[in-house]
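Here is a quick tour of a protein model, written for someone who likes to check things in a viewer. Load it up and follow along.

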Amino acid sequence: MTKSEKFQLVENYIIENQNAHYRLAFSYVKNKESALDIIQDSIMKALKSIDSLEQTGYLKTWFYRILINTSIDFIHKNKRIVVVEDEVLDFHLPSSEMEVPDIDLYEAIDNLAPEQKTLIILRFFEDIKIEDIAKMLGVNQNTIKTRLYATLRKLRTNMEEKVKV
């Protein structure tokens, strides 16, 4: 496959899956502009490293890996700056009229380490198979299963502690 054919393939893939990419980036930063910046940086990185895509069958895992790494890098670079959109702020502020039952779960997920958060998002929010997550993260399936179960255990413990408080 020629380089221009790879460019076209990546371009089509990105356009077809732009909502999923935005959702994944947004889940890390909880901010529209930052999520769009992450996607833009990811696209630039993907196009610059298009030669590293040897098998086009792995396009999804290859691009998700770039997107995840870019999201985690963004979080590390902007640790001290937290930009929150009004909708997110409204969502987290207490409301006397509306009870939000899942807020503890979202808080608990946000408090996980970026690697743990990645597993939860990919498996349960993006509905990606463990086999594909293993390819994206470059580890074997058993490692993913072990880390996923440990993360779920940690989430459960954190949620139970919040309920007791």
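## Where α4 meets α7

Let's start with a helix pair. Helix α4 (residues 59–77) and helix α7 (residues 114–125) have axes that come within 11 Å and cross at roughly 140°. That angle makes α4 oblique to α7, because only values over 145 degrees would count as roughly antiparallel. As for handedness, α4 passes α7 in a right-handed crossing.

Which residues make the contact? On the α4 side they are Tyr64, Ile68 and Ile72, and α7 brings Pro114, Thr118 and Leu122. Sorted by class, the contact of α4 with α7 has five nonpolar residues, one polar and no charged ones. Keep in mind while looking at side chains that this is a predicted model.

## The overall build

Zooming out, the protein has nine helices and zero strands. Reading along the sequence gives the pattern α-α-α-α-α-α-α-α-α. Of its 165 residues, 33% count as buried.

How much of the contact network is long-range in sequence? Taking the contacts with a separation of 6 or more, 66% are between residues 24 or more positions apart. The accessible surface comes to about 10700 Å², and 51% of that belongs to carbon and sulfur atoms.

## α7 and its surroundings

Back to α7 for a moment. Its buried residues are Pro114, Lys117, Thr118, Leu119, Ile120, Ile121 and Leu122. Three of these names, Pro114, Thr118 and Leu122, also appear in the contact with α4.

Two of the buried α7 residues, Leu119 and Ile120, turn up again from the side of another helix. Thr151 is found in helix α9 (residues 141–164), and leaving aside residues up to four places away in sequence, Thr151 touches Leu112, Gln116, Leu119 and Ile120. Is Thr151 buried or exposed? With a relative accessibility of 1%, Thr151 counts as buried, because the cut-off for buried is under 20%.

## Just past α7

Right after α7 comes a backbone feature to pick out on a Ramachandran plot: Asp127 takes a positive phi of about 55°, and Asp127 is a residue other than glycine. Asp127 sits in the loop between α7 and α8. At 61% relative accessibility, Asp127 counts as exposed, since the cut-off for that is over 50%.

Further along, Glu131 is found in helix α8 (residues 130–137). Glu131 is partly exposed, at a relative accessible area of 39%. Glu131 and Gln141 are 10 residues apart in sequence, with a C-alpha to C-alpha distance of 5.8 Å.

## α2 against α3

The other helix pair to look at is α2 and helix α3 (residues 32–48), which pack at an angle of about 125° with their axes 8 Å apart. That makes α2 oblique to α3, because roughly perpendicular stops at 115 degrees and roughly antiparallel needs over 145. α2 passes α3 in a right-handed crossing.

From α2, the contact uses His21, Tyr22, Ala25, Phe26 and Val29, and from α3 it uses Lys32, Ser34, Ala35, Leu36, Ile38 and Ile39. How do these residues divide by class? In the contact of α2 with α3, eight are nonpolar, two polar and one charged.

## Arg23 and Lys30

Arg23 is found in helix α2 (residues 18–29). Is Arg23 buried, exposed or in between? Its relative accessible area is 44%, so Arg23 is partly exposed. Arg23 also links distant parts of the numbering: Arg23 and Glu126 are 103 residues apart in sequence, yet their C-alpha atoms are 8.7 Å apart in space.

Lys30 sits in the loop between α2 and α3. Lys30 has a positive phi of about 55° although it is not a glycine. At 23% relative accessibility, Lys30 counts as partly exposed, because the buried class is reserved for values under 20%.

Definitions and conventions:
Residues are numbered from 1 along each chain as its sequence is written. This is a predicted model: local features need pLDDT of at least 70, side-chain atom pairs count only at pLDDT 80 or more; totals for chains, interfaces and linings use all residues. Side-chain values use heavy atoms; hydrogens and water are left out. Helices (H or I, at least four residues) and strands (E, at least two) are DSSP runs, numbered from the N terminus. Buried means under 20% relative accessible area, exposed over 50%, partly exposed in between (1.4 Å probe, protein chains only). Contact means heavy atoms within 4.5 Å. Accessible areas come from the Shrake-Rupley method with a 1.4 Å probe; for residues, only the protein chains shown count as cover. Axes are lines fitted to C-alpha atoms, for helices over the stretch in contact, and angles run from 0 to 180 degrees between N-to-C directions. Angles under 35 degrees count as roughly parallel, over 145 as roughly antiparallel, 65 to 115 as roughly perpendicular and the rest as oblique. A crossing is left-handed if the near helix is turned anticlockwise from the far one by less than a right angle, and right-handed if clockwise. Ala, Val, Leu, Ile, Met, Phe, Trp, Tyr, Cys and Pro count as nonpolar, Asp, Glu, Lys and Arg as charged, and the others, Gly among them, as polar.
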